[in-house]
Amino acid sequence: MLTLSKTQARRFLIRYHGLDKLNTHGKNNRGILRYLQKVGSIQYDPLNIVGRNPEIVLFSRFSHVDRTTLDQLLYKDRLLVDGYDKEVCIYPMSQYPYFKRVRQHFAHYNELAIRYRHQEEVYTYIDDVFDEFKEKAPCSGKDLSFNALNKSDWGNSRIASIALDYLYAHEHLGIHSRNGAMKIYDCIEKLIPSSYLLCEDPFEDDLSFIEWYTLRRINSIGFYWDRSGPGWQGLHLSNSTTRKVAIRSLCEKGKLTEFRISDSKYHYYVATEHLKQLKTPIRLSPFVRFIAPLDNLIWDRQLIHELFNFEYRWEVYKPVKDRQFGYYVLPILYKDHFVGRFDPDRSTSHFAIDQIWWEEGFIPDPNFNDLFEKEKERFSQFIG
């Protein structure tokens with residue numbers, strides 16, 4: 001069985017994601033689409049401290065990205081979809097038909113949430129909300145003339161907002177755009193091409209879907225292990241028994257290849273189409289990148305600790321007194337190691353670093369400092 005050193009494994013992941021050299025997957029938006037076809041999804045998060053998470057993901061890989069690039073691809077060109085995958089994610093429009101089962105499960109969980117919150121009263125308003133919505137669309141729940149529910153144990157109690165979320169979960173609506181964290185909806189047929197919207201489920205059975213989804217998720221990271229972790233998060237892959245059946249089947253069919261990493265007790269899997277690149281020794285030229293908190297590379301914090309000996313926790317939702325570092329801390333990648341992290345200054349509209357923490361044993365040298373300053377300048381231009 002193929003066995004890699006941790007250095008080889010780290011370098012493969014860095015090269016796989018195009019982090020060592022900008023525009024590895026191509027220049028301009030064609031490169032972004034090529035990268036998204038490769039990894040499947042990038043994770044969405046509405047927090048906008050120094051750009052939203054998916055914007056920072058793209059910035060770390062492409063030289064042309066600015067704050068308008070992602071919205072252009074999502075909401076104007078309609079080449080990407082804002083929808084549910086691992087969490088709320090962004091994926092190519094061409095993959096929309098393949099997510100039919102994901103959307104069906106999402107609709108089921110939406111109904112469970114309504115029941116859990118004792119918001120069943122909303123069902124009496126669905127048709128009325130939809131009628132008014134169609135007159136005003138595109139719009140959000142705040143634009144509609146409905147009050148709050150008489151009873152709601154948790155979450156948003158506005159009738160229009162709950163009803164629109166229901167209609168979205170059941171594929172009557174899609175996301176037209178976003179205003180900060182607020183979703184602006186429109187009728188789904190205005191947003192998704194009919195060739196995708198009316199397409200039949202491409203999978204014969206549950207196993208064929210789970211196999212596709214498992215392989216796709218492994219490609220989202222580059223390679224992955226067989227233990228449970230955040231990389232398997234979602235409505236279908238979190239069940240280890242189901243997942244392991246799919247992994248075994250994919251290996252038997254030659255679509256996945258198992259390998260080991262020195263000084264690691266786990267079994268790892270890579271798409272066989274990427275096996276040649278995995279085996280090829282990689283030399284990295286020096287570079288510095290700032291990594292988004294929910295970047296595909298660091299989806300699984302335990303995996304990153306295993307391979308990079310870097311411990312990272314996103315502390316944005318922790319109380320201040322419980323934080324070890326800061327609010328919106330970004331890791332600093334230098335060659336094939338994480339060498340530190342910084343917390344942006346939130347008191348200013350331009351990019352500045354509030355605090356920085358270096359990893360134990362790392363001493364910035366002139367070569368690093370030069371690359372670090374260049375990346376800071378590039379990030380400042382990105383923030384605008």
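**Angles, edges and a pocket**

Modeller: In this predicted model, helices α9 and α10 stand roughly perpendicular to each other.

Biologist: Why are α9 and α10 called roughly perpendicular?

Modeller: Two packed helices are described by the angle between their axes and the distance between the axes. For α9 (residues 206-221) and α10 (residues 240-252), the angle is about 80° and the axes are 9 Å apart. The label covers 65 to 115 degrees, so α9 and α10 are roughly perpendicular.

Biologist: Good, and which residues of α9 and α10 meet?

Modeller: From α9 there are Leu207, Ile210, Glu211, Thr214 and Leu215, and from α10 Thr242, Val245, Ala246, Ile247, Ser249 and Leu250. This contact divides into seven nonpolar residues, three polar and one charged.

Biologist: What makes α6 roughly perpendicular to α7?

Modeller: The axes of α6 (residues 126-136) and α7 (residues 159-169) cross at roughly 90° and come within 9 Å. With 65 to 115 degrees as the range for that label, α6 is therefore roughly perpendicular to α7. On the α6 side, Ile126, Val129, Phe130 and Phe133 make the contact; α7 brings Ile159, Ala160, Ala163, Leu164, Tyr166 and Leu167.

Biologist: How many residues of the contact of α6 with α7 are nonpolar, polar and charged?

Modeller: Ten are nonpolar, with no polar and no charged residues in the contact.

Biologist: Let's turn to the sheet. What makes β1 and β7 edge strands?

Modeller: The open sheet has four strands in the order β1-β8-β9-β7, with mixed pairing. Both β1 (3-4) and β7 (224-225) pair on one side only, and they are the edge strands.

Biologist: How do you know that β7 and β9 pair?

Modeller: Pairing asks for at least two bridges; β7 and β9 (residues 268-271) have two, in the antiparallel sense. Trp225 stands opposite Tyr268 of β9. Helix α9 lies across β7, β8 (256-261) and β9, and runs at about 95° to β9.

Biologist: Now the largest pocket: what is its volume, and which residues lie nearest its centre?

Modeller: The volume is about 1200 Å³. Of the 47 lining residues, Phe106, Asp165, Tyr168, Lys183 and Tyr185 lie nearest the centre.

Biologist: Which element gives the most to the lining of the largest pocket?

Modeller: That is α7, with seven residues. Elements that each supply at least two include α5 (100-116), β5 (173-179) and β6 (182-187). By class, the lining of the largest pocket divides into 27 nonpolar residues, nine polar and eleven charged.

Methods
Residues numbered from 1 in each chain as written. Predicted model: local features only at pLDDT ≥ 70, side-chain atom pairs only at ≥ 80, totals over all residues. Heavy atoms only, no water. Axes fitted to C-alpha atoms, helices over the stretch in contact; angles between N-to-C directions. Parallel < 35°, antiparallel > 145°, perpendicular 65-115°, else oblique. Contact = heavy atoms within 4.5 Å. Nonpolar A, V, L, I, M, F, W, Y, C, P; charged D, E, K, R; others polar. 1 Å grid on protein atoms, 1.4 Å probe; cavity = no way out; pocket = protein on both sides within 12 Å on 5 of 7 lines; lining within 4 Å. Points joined across faces, edges and corners; volume = space filled by probe spheres on them.
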